[in-house]
Amino acid sequence: MKKLNQVLLMAALSGVLWACSKPDENPGDQYFNSGNYAEAVSEYSETLKFNPNDVRMLYNRGRAYEEQNNFEKAKNDFERALEIEPNNIQVLLSLANLHHKEKNFTNALLYSSRAEEVPGAPAMASFIKARALHQMGKSEEALNSYANAIKRDKDFGQAYYNRGLLKVAIGNIGSSCEDFQLARSLEYPGAQEAMDKYCK
């Protein structure tokens with residue numbers, strides 16, 4: 001009887017501790033944050049055994065795979081998460097960014113455009129879209145997307161800087177200097193050098 005009471009007490013305590021713990025904590029997060037991506041993958045995989053549709057775990061494991069340069073497994077996790085939550089901004093942006101890394105600009109454009117359409121989308125959606133369009137040689141569309149990124153976040157130094165570089169490429173030096181100056185005022189790395197090079 002005493003043994004049964006101890007078991008019941010431990011079960012009750014476990015239940016209380018579980019209920020009081022943060023629902024978003026996972027041992028994999030600590031491994032990820034410390035750069036131990038293999039252990040992070042292992043922990044996220046363990047959690048996914050019990051809940052294979054946990055979008056956060058799929059996303060986190062995908063990020064851990066991405067950090068290991070295992071892009072195929074990362075994409076598989078991101079795409080699985082997207083099947084469950086089609087408008088998940090983090091997942092859409094991660095897929096867009098991953099495809100951009102692989103120089104698959106068409107897919108980068110596809111996912112960033114989808115992200116941009118989600119209400120409340122961050123400036124990064126327009127920024128990744130602009131980068132993809134730029135790489136695809138669609139300069140005017142890229143300029144518009146950089147402008148959208150800046151409209152969403154006036155302090156987005158990299159968007160000013162990249163738009164300035166694009167303007168240089170299409171021969172609009174005067175306007176590019178304004179962008180480099182704004183990027184410099186936001187202390188974006190390389191902005192001063194770009195001003196020194198193009199804005200004499």
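Does Tyr-161 count as buried or exposed, and at what relative accessibility? Tyr-161 counts as buried, because its relative accessibility is 18% and the cut-off for a buried residue is under 20%. The model in which this residue sits is a predicted one.

**Overall make-up**

The protein chain contains 12 helices and zero strands. Read from the N terminus, every element in the run is therefore an α element: α-α-α-α-α-α-α-α-α-α-α-α. The chain has 200 residues, and 40% of them count as buried. Its accessible surface is about 11,600 Å², with 51% of that belonging to carbon and sulfur atoms. Among the contacts between residues at least 6 apart in sequence, 43% join residues that are at least 24 apart.

**Aromatic pairs**

Seven aromatic pairs are present in the structure. A pair of aromatic rings is described by the distance of the centres and the angle of the planes. Two of the pairs are listed here.

| Pair | Centre to centre | Angle between planes | Class |
|---|---|---|---|
| Phe-127 and Tyr-146 | 5.9 Å | 55 degrees | tilted |
| Tyr-161 and Tyr-188 | 5.2 Å | 40 degrees | tilted |

In the pair of Phe-127 and Tyr-146, Phe-127 belongs to helix α8 (residues 123-135) and Tyr-146 to helix α9 (residues 139-152), so the pair ties together parts that are 19 residues apart in sequence. Both Phe-127 and Tyr-146 are buried.

In the pair of Tyr-161 and Tyr-188, Tyr-161 lies in helix α10 (residues 157-169), while Tyr-188 lies in the loop between α11 (173-185) and α12 (191-198), so this pair ties together parts that are 27 residues apart in sequence. Tyr-188 counts as partly exposed because its relative accessibility is 24%, whereas Tyr-161 counts as buried at 18%. Tyr-161 and Tyr-188 also belong to one aromatic cluster with Phe-180 and Tyr-198.

**The disulfide**

A search of the whole structure finds one disulfide. Cys-177 and Cys-199 form it, with their sulfur atoms 2.0 Å apart. The angle about the S-S bond is -105 degrees, and the link of Cys-177 and Cys-199 is left-handed. The pair links distant parts of the chain, since Cys-177 is in helix α11 and Cys-199 in the segment after α12, 22 residues apart. Cys-177 is buried, with a relative accessible area of 15%. Cys-199 has a relative accessible area of 23% and is partly exposed.

**Helix α9**

Helix α9, which holds Tyr-146, has 14 residues; at 1.5 Å a residue it should span 20 Å, and its end C-alpha atoms are 20 Å apart, which agrees. The expected span takes 1.5 Å times one less than the number of residues.

Which residues of α9 are buried? They are Ala-142, Leu-143, Ser-145, Tyr-146, Ala-149 and Ile-150. Around the axis these residues cover an arc of only 165 degrees, so they are on the same side of α9. The face turned away from that buried side carries the exposed residues Glu-140 and Lys-151. The cover over the buried residues of α9 includes α8 and α10. Helix α8 is also where Phe-127, the ring partner of Tyr-146, is located.

Technical notes
Residues numbered from 1 in each chain as written. Predicted model: local features only at pLDDT ≥ 70, side-chain atom pairs only at ≥ 80, totals over all residues. Heavy atoms only, no water. Helix = DSSP H or I, 4+ residues; strand = E, 2+ residues; numbered from the N terminus. Buried < 20%, exposed > 50% of the residue type's maximum accessible area, 1.4 Å probe, protein only. Contact = heavy atoms within 4.5 Å. Areas by Shrake-Rupley, 256 points an atom, 1.4 Å probe, with all protein chains shown as cover. Phe/Tyr/Trp six-rings, centres within 6.5 Å; stacked < 30°, edge-to-face > 60°. Disulfide = S-S within 2.5 Å. Arc of directions from axis to C-beta.
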